[in-house]
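Let's take a walk through this fold together, starting from its sheet and ending at a pair of annotated positions. Have your viewer ready.

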Amino acid sequence: MAGNVRLLSSTLAAAGEENRAALVGYLPAGFPTVDGGVRAVTAMIEGGCDIVEIGLPHSDPVLDGPVIQTADDIALRGGVKIKDVIRTVGEVHAATGAPVLCMTYWNPVDAYGVERFAADLAAAGGAGCILPDLPVEESGVWRAAAEQRGLATVFVVAPSSRDERLAKITEAGSGFVYAASLMGVTGTRESVGREAQDLVRRTRATTELPVCVGLGVSNAEQAAEVAQFADGVIVGSAFVKRLLDAGDDLEAGLAGVRELAGELAAGVRKRG
């Protein structure tokens with residue numbers, strides 16, 4: 001079975017045709033539980049997310065700030081496994097028809113088996129993988145497996161990336177480019193900053209792939225700011241925080257993420 005890279009591309013293109021940025025939401029699998037996570041991600045799409053990323057919880061998430069680390073820890077203590085991540089991708093896609101990516105560090109994929117991971121993700125209806133710590137130079141085996149199965153390979157670029165490095169990364173990637181808005185880890189911030197806009201400009205000079213900005217966006221105002229110059233706005237920690245703030249009240253958490261998705265969806269539609 002082929003994955004849904006074409007659905008991902010068409011979703012991003014449709015947002016552009018509407019003169020807006022796409023809204024991309026993130027939540028780690030298994031948080032607050034596997035079934036609760038499926039419901040939460042589904043609620044995010046119902047609220048207004050166009051695309052979602054399912055995180056594969058990791059014990060040493062180098063890109064993730066304290067909020068997502070807390071969620072990862074809850075998922076890992078709950079016993080989440082890679083099969084649960086794949087199941088989350090499959091159930092969310094089946095319930096919503098939206099493009100669903102997996103965001104993961106490389107070690108778990110390597111340990112699971114590259115061909116097996118790509119095959120299972122595609123069979124679940126996944127649209128691709130975001131691999132923040134996989135160097136382009138070492139990505140050939142994964143990219144071949146992903147391309148064969150209709151999966152996107154999304155690489156992360158940062159403000160520190162030099163222009164020649166950006167070109168190398170974007171040439172190897174597919175689906176979209178994940179532009180980290182600032183140096184550091186995920187989390188909510190007071191402002192997203194000019195570094196993000198400059199990074200998008202430099203990245204676009206190297207590729208025709210859509211450029212989506214993540215790290216630091218947490219409210220409608222910031223989403224509107226980023227939507228002025230990016231093809232997509234990625235939000236993770238703010239969704240996780242809504243669920244954490246709800247504690248054991250899952251229904252309140254679901255209402256919270258649905259509400260936030262609606263606010264952010266309105267924000268990405270505010271282009272001057």
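Two strands count as paired if DSSP finds at least two bridges between them. With that in mind, look at strand β9 in this predicted model: there, Val-24 stands opposite Ile-234. Strand β1 (residues 22-28) and β9 pair in the parallel sense over four bridges. On to strand β8 (residues 211-214), which pairs with β9 over two bridges, again in the parallel sense. Here Cys-212 has Gly-232 in β9 as its bridge partner. Strand β7 (residues 177-180) joins β8 through four parallel bridges, and Tyr-178 has Cys-212 in β8 as its bridge partner.

The three pairings side by side:

| Strand pair | Sense | Bridges |
|---|---|---|
| β1 and β9 | parallel | four |
| β8 and β9 | parallel | two |
| β7 and β8 | parallel | four |

Now for the whole sheet. It is open, has nine strands with parallel pairing, and follows the order β5-β4-β3-β2-β1-β9-β8-β7-β6. At its edges stand β5 (152-154) and β6 (156-157); each has a single partner strand, so one side of each is left without a neighbour in the sheet.

Which way do the residues of β9 point? In a regular strand the side chains alternate between the two faces of the sheet. Strand β9 (residues 232-235) sends Gly-232 and Ile-234 one way and Val-233 and Val-235 the other way, and all of them are buried.

Helices complete the surroundings of this strand. Helix α10 (residues 220-227) makes a right-handed β-α-β unit with β8 and β9, while helix α12 (residues 250-268) lies across β1 and β9 and runs at about 150 degrees to β1.

Where does UniProt put the feature "active site"? The unreviewed entry places it at Glu-53 and Asp-64. Glu-53 is in strand β2 (residues 51-55). Is Glu-53 buried or exposed? Its relative accessible area is 1%, so Glu-53 is buried, given that buried means under 20%. Among the residues that Glu-53 touches are Val-24 and Ile-234, the facing pair from β1 and β9, as well as Tyr-178, Met-103 and Phe-176.

Finally, the overall picture. The protein has twelve helices and nine strands, and its C-alpha trace spans about 45 × 40 × 30 Å along the principal axes. A compact globule with 272 residues would have a radius of gyration near 19 Å, and the 17 Å of this protein agrees. Buried residues make up 60% of the 272.

Note on methods: Residues are numbered from 1 along each chain as its sequence is written. This is a predicted model: local features need pLDDT of at least 70, side-chain atom pairs count only at pLDDT 80 or more; totals for chains, interfaces and linings use all residues. Side-chain values use heavy atoms; hydrogens and water are left out. Buried means under 20% relative accessible area, exposed over 50%, partly exposed in between (1.4 Å probe, protein chains only). A crossover is right-handed if, with the strands pointing away from the viewer, the path from the first strand over the helix to the second runs clockwise. UniProt positions are given in the numbering used here, feature names are shortened, and annotations may be inferred rather than shown by experiment. Contact means heavy atoms within 4.5 Å. Axes are lines fitted to C-alpha atoms, for helices over the stretch in contact, and angles run from 0 to 180 degrees between N-to-C directions. The radius of gyration is taken over C-alpha atoms; the globule rule is 2.2 Å times the number of residues to the power 0.38. Lists of a residue's contacts leave out its neighbours within four places in sequence.
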